[in-house]
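Here are a few exercises to work through with the model open in your viewer. Try each task before you read its solution.

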Amino acid sequence: MTRAPSALVRPVSSTLARCTLTHLTRVPIDLDNARHQHAAYVATLRALGVAIKQLPPLDSLPDAVFVEDAAVLLPHTAVVARLARPSADAETKSVAAALATTHSVTHIVSPGTLEGGDVLRAGTTLFVGKSRRTNAEGIDQLSAIAVASGLTTIPVDVRGCLHLKTGCSVLPDGALLINPQWLDADAFGDLERLPVPDTEPWGANTLTVGETIVMPDAFPETRTLLETRGYDIRVVQITEFGKAEAGVTCLSLTA
């Protein structure tokens, strides 16, 4: 019997406007709208059959809503990340405590850094972004842990965006939606690659739930590209989180 997908999510912090930024210029974030968009995002996942587990709020930590970064879920263990951004220990500890109720838990340790947004699984391969947030030591530690699950790890240079999954995502049939300007596309070998339109460089971050693709409504050309290939699409509004360099995968830790 196939287990229903599940996801950890966390309420939006009132301090979201002070989020960490790397590539974007800070602009005002509408907190009420962010909370409305987050609720609609969670409702969309529930409508797709995802079992939602709410993590406790961490109101003083602006980036705590981006729970994807805090862990990587492998078949035999949950790997708790070591985040590069400041004041993140409370986030990872909270996620680790929640995961420990259903998983064995392993930790990335210093001097390694690893963020879940840099880890993309395609079949038996983990593509791991070598970014400002994930270093070579973190990748090596994850690689050693992943061997027990029969997974091979391949580093991917990230040059123009925050995380690997900012610039690519795996679609339901295994093809890769990608912005090749931001990543070393050659690292993906023979994996089929669909480039996003040049006019929508942020459009490559999507979330696959079963046979459905969840994506922001801000990228109509990318949506048309995907619908032309026959994919089932659900769109959500995440404009306030986009101001924080976040995409649809960032807001949940899915399994």
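Buried means under 20% relative accessible area, exposed means over 50%, and partly exposed is in between (1.4 Å probe, protein chains only). This is a predicted model, where local features need pLDDT of at least 70, side-chain atom pairs count only at pLDDT 80 or more, and totals for chains, interfaces and linings use all residues. Residues are numbered from 1 along each chain as its sequence is written, and side-chain values use heavy atoms, with hydrogens and water left out.

**Exercise 1. Classify Glu 245 as buried or exposed, then look up its backbone phi.**

Step 1: the relative accessibility of Glu 245 is 3%, so this residue counts as buried.

Step 2: place Glu 245 in the loop between helix 5 (239-242) and strand 15. Helices (H or I, at least four residues) and strands (E, at least two) are DSSP runs, numbered from the N terminus.

Step 3: read off phi, which is positive at about 65° although Glu 245 is not a glycine. Most residues other than glycine have a negative phi, and most peptide bonds are trans.

Step 4: while you're checking backbone angles, go to the peptide bond from Ser 110 to Pro 111, which is cis, with omega near 10°. Pro 111 belongs to the loop between strand 5 and strand 6.

**Exercise 2. Find what Leu 24 touches outside its own stretch of chain.**

Step 1: locate Leu 24 in the loop between strand 1 (6-9) and helix 1 (31-47). Its relative accessibility is 29%, so Leu 24 counts as partly exposed.

Step 2: skip neighbours within four places in sequence, and Leu 24 is in contact (heavy atoms within 4.5 Å) with Trp 202, Gly 242, Lys 243 and Glu 245.

Step 3: compare sequence and space for Leu 24 and Ala 244: they are 220 residues apart in sequence, yet 7.8 Å apart in space, C-alpha to C-alpha.

**Exercise 3. How many cavities of 30 Å³ or more are there, and what lines the largest one?**

Step 1: set up the search. On a 1 Å grid over the protein atoms alone, a cavity is a set of points where a 1.4 Å probe fits but cannot get out, and a pocket is an open set with protein on both sides within 12 Å along at least five of seven lines; lining residues have an atom within 4 Å of a point. Grid points are joined across faces, edges and corners, and a volume is the space filled by probe spheres set on the points.

Step 2: the search of the whole structure gives 1 cavity of that kind, holding about 90 Å³.

Step 3: its lining includes Asp 63, Arg 85, Arg 133, His 163 and Glu 245.

Step 4: turn to the pockets. The largest pocket holds about 990 Å³, and of its 35 lining residues the closest to its centre are Arg 121, Lys 165, Thr 208, Thr 254 and Ala 255.

Step 5: for the second largest pocket, the volume is about 240 Å³. Of the 16 residues lining that pocket, Trp 202, Phe 219, Ile 238, Gly 242 and Ala 246 are the closest to its centre.

**Exercise 4. Which residue forms a salt bridge with Glu 68, and where are the partners?**

Step 1: a salt bridge is a side-chain nitrogen of Lys or Arg within 4 Å of a carboxyl oxygen of Asp or Glu, and the structure holds 7 of them.

Step 2: the partner of Glu 68 is Lys 165, with the closest N and O atoms 2.7 Å apart. Glu 68 sits in the loop between strand 2 and strand 3 and Lys 165 in the loop between strand 8 (152-157) and strand 9, so the pair ties together parts 97 residues apart in sequence.

Step 3: check burial. Glu 68 is buried at 5% relative accessible area, and Lys 165 is buried at 14%.

**Exercise 5. Trace the salt-bridge network around Arg 229.**

Step 1: Arg 229 pairs with Asp 173, the closest N and O atoms being 3.3 Å apart.

Step 2: Arg 229 also pairs with Glu 192, at 3.0 Å between the closest N and O atoms.

Step 3: put the pairs together, and Asp 173, Glu 192 and Arg 229 are linked in a network. Arg 229 is partly exposed at 36%, and Glu 192 is partly exposed at 42%.
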